[in-house]
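Okay, can everyone see the screen? I'd like to spend a few minutes on how charged side chains pair up in this one. Let me put it up.

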Amino acid sequence: MIERLKERRGAAFGFKVVGRISGDEITAFEPQIAFLIKERKERPIGILADLSQMEGADWRARWNEMRFLQKYTDHIARMAVVGANKWEEVVAMLL
């Protein structure tokens, strides 16, 4: 499950992942981030991802994540990941 965190400023988007995430969940959640990007126009956003309660992801979720980053990378100024497992850190360095 992906749940959006309360924002304190309009330039940041925070979310928390609980349990195992599927590709369908990523696809369903993407419009929320796309809306914020469109609303901010040319000004980049920040993303906070709390993965401290994430138990994993299926391959389709990983594929959708890469597709999302390729599509929106120019609109993201910074990204913070909280609670990632060591193997996720290694994968992030490779991508």
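Starting at the N terminus, the order of elements is β-β-α-β-α-β-α. That comes to three helices and four strands. Bear in mind that this is a predicted model. The chain has 95 residues, and 34% of them count as buried. If you take contacts between residues at least 6 apart in sequence, 75% join residues at least 24 apart. As for the surface, the chain exposes about 6800 Å², with carbon and sulfur atoms supplying 57% of that.

Now, the charges. How many salt bridges does a search of the whole structure find? Four. I'll talk about some of them, beginning with Asp-24 and Arg-60, whose side chains meet at 2.3 Å, N to O. Asp-24 sits in helix α1, residues 23-40, and Arg-60 in helix α2, residues 59-72, so this pair links distant parts of the chain, 36 residues apart. Are these two buried or exposed? Neither, really: Asp-24 is partly exposed at 47% relative accessible area, and Arg-60 is partly exposed too, at 45%.

Next, Glu-30, which is the residue I'd like you to click on. Glu-30 is also in helix α1. It forms a salt bridge with Arg-67, where the closest N and O atoms are 2.9 Å apart. Arg-67 is in helix α2, so the pair ties together parts that are 37 residues apart in sequence. Glu-30 has a second partner as well, Lys-71, with the closest N and O atoms 3.9 Å apart. Here again the pair runs from α1 to α2, this time across 41 residues. So put those together and you have Glu-30, Arg-67 and Lys-71 linked in a network of salt bridges.

What about exposure in that network? Arg-67 is partly exposed, with a relative accessible area of 30%. Glu-30 counts as buried because its relative accessible area is 9%, and the cut-off for buried is under 20%. And which residues does Glu-30 touch, leaving out those up to four places away in sequence? Arg-67, Phe-68, Lys-71 and Tyr-72.

That takes us over to α2. This helix has 14 residues and reaches 20 Å from its first C-alpha to its last, close to the 20 Å expected at 1.5 Å a residue. Its buried residues are Ala-61, Arg-62, Asn-64, Phe-68 and Tyr-72. They lie on the same side of α2, because they cover an arc of only 160° around the axis. As a reminder, an α-helix has 3.6 residues a turn, so residues three or four places apart point the same way. Turn the helix around, and the face away from the buried side carries Trp-59, Trp-63 and Gln-70, which are exposed. Yes, that's two Trp residues among the exposed ones there.

One last detail, at the start of α2. A side-chain oxygen of Asp-58 comes to within 3.2 Å of the backbone nitrogen of Arg-60. And Arg-60, remember, is the residue whose side chain meets Asp-24 in a salt bridge.

So what should you take away? Glu-30 in α1 is buried, and it belongs to a salt-bridge network with Arg-67 and Lys-71. Okay, that's me done; over to you.

Terms used
Residues numbered from 1 in each chain as written. Predicted model: local features only at pLDDT ≥ 70, side-chain atom pairs only at ≥ 80, totals over all residues. Heavy atoms only, no water. Buried < 20%, exposed > 50% of the residue type's maximum accessible area, 1.4 Å probe, protein only. Expected span 1.5 Å × (residues − 1). Arc of directions from axis to C-beta. Polar contact = N/O pair within 3.5 Å; in protein donor to acceptor, adjacent residues only side chain to side chain. Contact = heavy atoms within 4.5 Å. Areas by Shrake-Rupley, 256 points an atom, 1.4 Å probe, with all protein chains shown as cover.
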